[in-house]
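Look at the model below, with its sequence beside it. The paragraphs that follow go through it part by part.

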Amino acid sequence: MAFMRKTKQFNWNRKHLLGLRELSAEEITYILDTATGFEQVSTRSVKKAPPLRGKVVVNLFFEDSTRTRNSFTLAANRLSADVIEFTQKSSSVSKGETLLDTARNLEAMGIDIVVIRHNAGGAARFLSRNIQAAVVNAGDGFCEHPTQGLLDVYTIRKIRGSLEGLKIAIVGDIAHSRVARSDMWAMTKLGAEVTFVGPPTLMPSQVSKLPVKVSYSLDEVIEKVDVINMLRIQFERLGGNPFPSIREYSRYFGLTVERMQKAKPDILVMHPGPINRGLEMESEVADGKNSVILEQVKNGLAVRMAVLFLVNQAAMVTKEK
Ligand code: CP
């Protein structure tokens, strides 16, 4: 297959992608290398490759999404799969049907890969233990968002060549962020030094046990880092008032044009989206010369093609045994 020619051989045997914590640096690198091979499919006049022809991918989304869901849909289409779009709002979940019953009923129609987003941590793992199809986690509660972590490290690697020795700040609502966790695992495994930055009320309770530095001052960190990833404040998951006001938060932890003047000239500015403009960052920064936010979205497509391709390959090997 043309897109695999330059990828170093590796024995990929994971039928599910549930999180990056359990992946080795070699496995992460293999996914990124596979994604590099898939990038060229999107540059063809006919943007299609055959590896998932005859396969069925279900997007099982119990939470809203713009980037992840559409990116998985397009990735599956580019690999020639059939795609079923499930959203909680228009489903029989409103009549009381459980996650497992929903998945088993879809499985009865003959599906091969389930891409699941759910507000409960562990939902993807639960499904992987209870259905036959391959399962890809598209975000579970506060736990992980592995394809976002992968596309973030892919974007940095593509621009900088490697993550080895890079200093990366992940800023904001760490406590409620599955992106922060997947980024942390992927970035540290690939050799970067990660600092979580935010108010104490938005830090995870066990943060000292994680392989990161912690800072409560963006002003102290900004001048030292090569990459800054600004997280969305997850208003839908906040309990109580973790900061006095939006203005106060923005003053201390927002990425403003003024604060950017202290940063390295070639700093990469990232955000997983959706952005609360004027809160996490000013529009001039989000749309400015250091921003790679839309590159992240673009790269997500090749990364998700690679993930669907690899889990399908492992699923076929499992079936043959
Ligand atoms: N980054 C991300 O997960 O965005 P969506 O919620 O739009 O999928």
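Helix H3, made of residues 99-107, lies across E1, E2 and E3. Its direction is at about 160° to that of E1. The model in which this is seen is a predicted one.

The strands that H3 crosses belong to an open sheet of 4 strands, in the order E2-E1-E3-E4, and the pairing is parallel. At the edges are strand E2 (82-87) and strand E4 (134-140), each of which pairs on one side only. On average, neighbouring strands of this sheet are turned by 15° against each other, if direction is ignored.

Now follow strand E3, residues 113-118, to its two neighbours. E1 (residues 56-61) runs parallel to E3 and is joined to it by 5 bridges. Within this pairing, Val 58 has Val 114 in E3 as its bridge partner. E3 and E4 also run parallel, and 5 bridges join them. Here His 118 has Asp 140 in E4 as its bridge partner.

Is strand E3 enclosed by the rest of the structure or open to the outside? A residue counts as buried when its relative accessible area is under 20%. In E3, 6 of the 6 residues are buried, so the strand is largely enclosed by the rest of the structure. The side chains point two ways: Ile 113, Val 115 and Arg 117 to one side, and Val 114, Ile 116 and His 118 to the other. Residues on both sides are buried.

Arg 117 of E3 also leads to the ligand, since it is one of the residues that surround the ligand. The others are Ser 65, Thr 66, Arg 67, Thr 68, His 145, Gln 148, Pro 272 and Gly 273. Which atoms of the ligand lie at 2.9 Å from a polar side-chain atom of Arg 67 or His 145? For Arg 67 it is an oxygen atom of the ligand, and for His 145 it is likewise an oxygen atom. Gln 148 has a polar side-chain atom 3.0 Å from a nitrogen atom of the ligand. Taken alone, the ligand exposes 250 Å², and the protein buries 92% of that.

Gly 273, from the ligand's surroundings, is joined to Pro 274 by a cis peptide bond with omega near -5°. Most peptide bonds are trans. Pro 274 sits in the loop between strand E9 (268-270) and helix H10 (283-286).

Pro 274 is also touched by Arg 232, which has contacts with Asp 173, His 271, Asn 276 and Glu 280 as well, leaving aside residues up to four places away in sequence. Arg 232 is itself in a loop, the one between strand E8 (227-230) and helix H8 (246-253). Is Arg 232 buried or exposed? Its relative accessibility is 16%, so Arg 232 counts as buried, the cut-off being under 20%.

One last residue to find is Ser 80, in the loop between helix H2 (67-78) and E2. Phi of Ser 80 is near 75°, which is positive although the residue is not glycine. Most residues other than glycine have a negative phi.

Notes:
Residues are numbered from 1 along each chain as its sequence is written. This is a predicted model: local features need pLDDT of at least 70, side-chain atom pairs count only at pLDDT 80 or more; totals for chains, interfaces and linings use all residues. Side-chain values use heavy atoms; hydrogens and water are left out. Two strands pair if DSSP finds at least two bridges between them. Axes are lines fitted to C-alpha atoms, for helices over the stretch in contact, and angles run from 0 to 180 degrees between N-to-C directions. Contact means heavy atoms within 4.5 Å. Buried means under 20% relative accessible area, exposed over 50%, partly exposed in between (1.4 Å probe, protein chains only). A residue is near a molecule or strand if one of its heavy atoms lies within 4 Å of it. A polar contact is a pair of N or O atoms within 3.5 Å; within protein, one must be able to donate a hydrogen and the other to accept it, and residues adjacent in sequence count only if both atoms are side-chain atoms. Accessible areas come from the Shrake-Rupley method with a 1.4 Å probe; for residues, only the protein chains shown count as cover.
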